[in-house]
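Me: I am new to this structure and should be grateful for a close look at one residue in a strand. Please begin there, and then set it beside the strands and charged pairs found elsewhere in the chain.

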Amino acid sequence: MLQVFRLSVACALVALLPADVSGFQVQPVRMGTGVMTFDTVPGWGLGPDGRSVLGSTHGGVVVDKAGNVYTSANIGVFVFSPEGQVIRRFLGDEYTSIHDLEIRAEADGEFIYGARNNAKEGIKFNAETGAIVLKLTYPEESGLGLKDFKPTAITVGPTGDIYLSDGFSSNHIFRYDRNGKYISHFGQKGNDLKQFNTAHGMTLDTRYEPPRLLICDRNHQPKGRLLHYDLNGNYIDEVITGLGMPTSAAVQGDYVSVPDLQGRL
């Protein structure tokens, strides 16, 4: 079963400020409302010098079954214990600039799926060892003749099919089987009902049976929106419109968390 706990963990745990600044103790910050109320943990994930170990980031956060937190940064992927200590990291060209992460427990272990827009590919690697077991590139057999390919989001269906959104280029969403063989694609760039204007984020919406694809149409005009598609790429409906610039989505139980670039969750 897909396990995605990206956004709530990021809000609850990560506060990239030193725990002690100029002699006074930084206090937790409470945000949200009702059951979605979170406290930051000052100092969580910082190095001994009180500074972030990540550097610049533009990616995602996922959590494995043991509670370890995976965060993508420009230089690679860092893995933190639940207490905020770095327990391993995957650095180097093959792990840089991962724009979106998802984690999936499979028969032979837990695996990270990543969308790498600058590298023009999707990847799958072992969450414990970092061994890359699959790369997804633009499928020439799609017949689209694309000149560019910049994936922004990735998710995995219950049968192992992989969905990779070309959100920074054509706005097609490509479907591959578990071995990386191209199956189909859907969508196109535009502002009509069944078009995407930056299909930026995507996850599996497990609140439904069968699960659906939940897609963040970030720059759709006049307002950003969320959409449901079935696992064969057929349009179902608009979940909500009138958003700012929704960037990604994380489903946890009965709830879905969606951040947008206008500074709200």
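Reply:
**One threonine and its setting**

T203 is found in strand β18, which covers residues 199-205. The model discussed here is a predicted one. Its chain has a mean pLDDT of 91, and 91% of the residues reach 70 or more. A reservation applies to residues 1-17, over which pLDDT stays under 50; the model has 64 contacts beyond four places in sequence for that stretch.

Is T203 buried or exposed? Its relative accessible area is 1%, and a residue counts as buried under 20%, so T203 is buried. The side chain of T203 also has a polar partner: a contact of 2.8 Å joins it to the side chain of E102. Another threonine, T247, lies 44 residues from T203 along the chain, and the C-alpha atoms of the two are separated by 11 Å.

Further strands follow in the chain. Strand β19 (residues 212-217) and strand β20 (residues 224-229) run antiparallel and are joined by 5 bridges. One pairing across them sets I215 opposite its bridge partner in β20, L227. The link between β19 and β20 is a hairpin of 6 residues. On to strand β21 (residues 235-243), β20 again runs antiparallel, with 5 bridges; here G224 has L243 as its bridge partner. The hairpin formed by β20 and β21 has 5 residues between the strands, and G233 in the turn has a positive phi of about 90°.

Why may β20 be called largely enclosed by the rest of the structure? The reason is that 6 of its 6 residues are buried. Burial holds for both directions in which its residues point: G224, L226 and H228 go one way, R225, L227 and Y229 the other, and all are buried.

A comparable description can be given for β15 (residues 162-165), where both faces are covered. I162 and L164 on one side are buried, as are Y163 and S165 on the other. Strand β15 belongs to an open sheet of 4 strands, in the order β14-β15-β16-β17 and with antiparallel pairing. The strands at the edges, β14 and β17 (182-186), each have a single partner strand, so one side of each is left without a neighbour in the sheet. On average, and with direction ignored, neighbouring strands of this sheet are turned by 20° against each other.

The pairings in this sheet can be followed one by one. Strand β14 (residues 153-156) meets β15 over 4 bridges, and V156 stands opposite I162. These two strands form a hairpin with 5 residues between them, and G160 in the turn has a positive phi of about 100°. From β15 the sheet continues to β16 (residues 173-176), again through 4 bridges, and in β16 the bridge partner of I162 is Y176. I162 thus has V156 opposite it and Y176 as its partner in β16. Strands β16 and β17 are likewise joined by 4 bridges, with R175 opposite S184.

Charged pairs complete the picture. Side chains of opposite charge can pair when their charged atoms come close. The count of salt bridges in this model comes to 13. One of them joins D205 and R207, at 2.8 Å from N to O. D205 is buried, with a relative accessible area of 0%, whereas R207 is partly exposed at 31%.

Where both partners are buried, R116 and E121 offer an example. Their closest N and O atoms are 2.6 Å apart. R116 counts as buried at 5% relative accessibility, and E121 counts as buried at 7%. Both belong to a network of salt bridges that links E94, R116, E121 and K135. The salt bridge between D39 and R30 has its closest N and O atoms 2.7 Å apart. In this pair D39 is partly exposed, with a relative accessible area of 32%, and R30 is exposed, at 62%.

To return to the starting point, T203 is a buried residue in strand β18, and its side chain is in polar contact with that of E102.

How values were computed: Residues numbered from 1 in each chain as written. Predicted model: local features only at pLDDT ≥ 70, side-chain atom pairs only at ≥ 80, totals over all residues. Heavy atoms only, no water. Buried < 20%, exposed > 50% of the residue type's maximum accessible area, 1.4 Å probe, protein only. Pairing = 2+ DSSP bridges. pLDDT = per-residue confidence, 0-100. Contact = heavy atoms within 4.5 Å. Polar contact = N/O pair within 3.5 Å; in protein donor to acceptor, adjacent residues only side chain to side chain. Axes fitted to C-alpha atoms, helices over the stretch in contact; angles between N-to-C directions. Salt bridge = Lys/Arg side-chain N within 4 Å of Asp/Glu carboxyl O.
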